[in-house]
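Student: Could we go through this structure together, with the criteria behind each statement made explicit?

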Amino acid sequence: MQMKPDIKSMTLPELEAYFLELGEKKFRAKQVYSWLHQKQAESYEEMTNLSAALRSRLAETTQLRTLKPLEVLTSQVDGTQKFLFALPDGPVIESVLMKYQFGNSVCISSQAGCRMGCRFCASTIGGRIRDLTASEMLDQIYRITRISGERVSHVVVMGTGEPLDNYDQLVRFIRILSGEDGLNLSQRNITVSTCGLAEKIEELAKEKLQITLALSLHASNQKKREALMPIARKYDIHQVLESCRIYQESTGRRLTFEYSLVAGVNDTDEDARELAALIRPLHGHVNLIPVNPIRERDYVRPDRRAVLAFQNKLEKSGINVTIRREMGSDISGACGQLRRSWNETHGETGSPEAAASRADVLPEE
Ligand code: SAH
């Protein structure tokens, strides 16, 4: 059986072509597109300027993928909100709304689970269940806007999943999100974080998007990076940095390097010195993330003094550094842990296929 088209993943020209195929007027497509992406409608019933006949026809011929909120937690400390959503077929994902002085930022998931296996990350423990569609990435932002009543000005693809492992849907998502007939979010306010799939970074460079690329570096040499990130066995640290250089060169966008500081693992003076030398030619920006300890591993975050000392050392070597401010520390701890505890209490800890998903992408140990 052929799947009905996923209407919220269509671009406006695609939707117009689809309407013409249905024998409907082209301008109706624009109305529907505006309902979906500007007014963020949950269902066809809301689209009151369409005839009842057209609404029921669309309900029959298309799928309208709307996420179901399961839980919303609000931080008493800084107003950060964490959202648990159910996908139409059941898997649960997590998104976060953070309020900053510069505006509201939403952190979205790009996959249900992840197959990259980074050692310190909670989201990868059950493997990858499935990729999200562009519509499901968009709907995290749309539902959050509706539920919170807040305008979203920034989007970071830093939730569960490896966005470049879901490349086509990611690029579609960015184009729809930044399109002038949709939310019209500036591409400069969209950040995509990757563990470093070098070929995909080079492919992304050719899309001529103005988004910010953040590379999860986490180590200053190949050996240490391999110990934290299995994907480093597939793409060597120098190969990944070269792909980032290409990205920067063809987009003109400054790179961000994420570096999760783990006590006794990658936080010494020597690490800082080596890191500075490694990335200096790229003129990027380093974002230090004191590691969020997860139950399954015994990684420990360095104390505040050690974090500041690491920052200082990098700055003295001429590197631009920020320390990631921890948001919503009172609501279910680190990234991905809300989803993980939900899955545990509901007995959904992954499937054999999800657990085996890593074998498709990671080289053998
Ligand atoms: N797959 C993408 C997005 C992952 S999450 C990537 O690898 O970049 C965004 C960032 O949080 C990544 O840099 C990731 O390595 C980091 N991260 C994940 N778990 C963490 C933890 N427990 N403590 C600190 N940083 C973590």
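The exchange below turns to the packing of two helices, then to one residue, and then to the whole chain.

Tutor: This is a predicted model, in which local features need pLDDT of at least 70 and side-chain atom pairs count only at pLDDT 80 or more, while totals for chains, interfaces and linings use all residues. Residues are numbered from 1 along each chain as its sequence is written, and side-chain values use heavy atoms, with hydrogens and water left out.

Student: Is α4 roughly parallel or oblique to α5?

Tutor: Helix α4 (residues 134-148) and helix α5 (residues 167-178), both DSSP runs of H or I with at least four residues, numbered from the N terminus, have axes 8 Å apart and an angle of about 45°. Axes are lines fitted to C-alpha atoms over the stretch in contact, and angles run from 0 to 180 degrees between N-to-C directions. Angles under 35 degrees count as roughly parallel, over 145 as roughly antiparallel and 65 to 115 as roughly perpendicular, with the rest oblique, so α4 is, relative to α5, oblique.

Student: Is Thr-145 buried or exposed?

Tutor: Thr-145 lies in helix α4, and, neighbours within four places in sequence aside, Thr-145 is in contact (heavy atoms within 4.5 Å) with Gln-40, Glu-150 and Val-152. Buried means under 20% relative accessible area, exposed over 50% and partly exposed in between, using a 1.4 Å probe and protein chains only. The relative accessibility of Thr-145 is 17%, so Thr-145 counts as buried.

Student: What percentage of the residues of the protein chain count as buried?

Tutor: The protein chain has 12 helices and 12 strands, a strand being a DSSP run of E with at least two residues. Of its 365 residues, the share that counts as buried is 54%.
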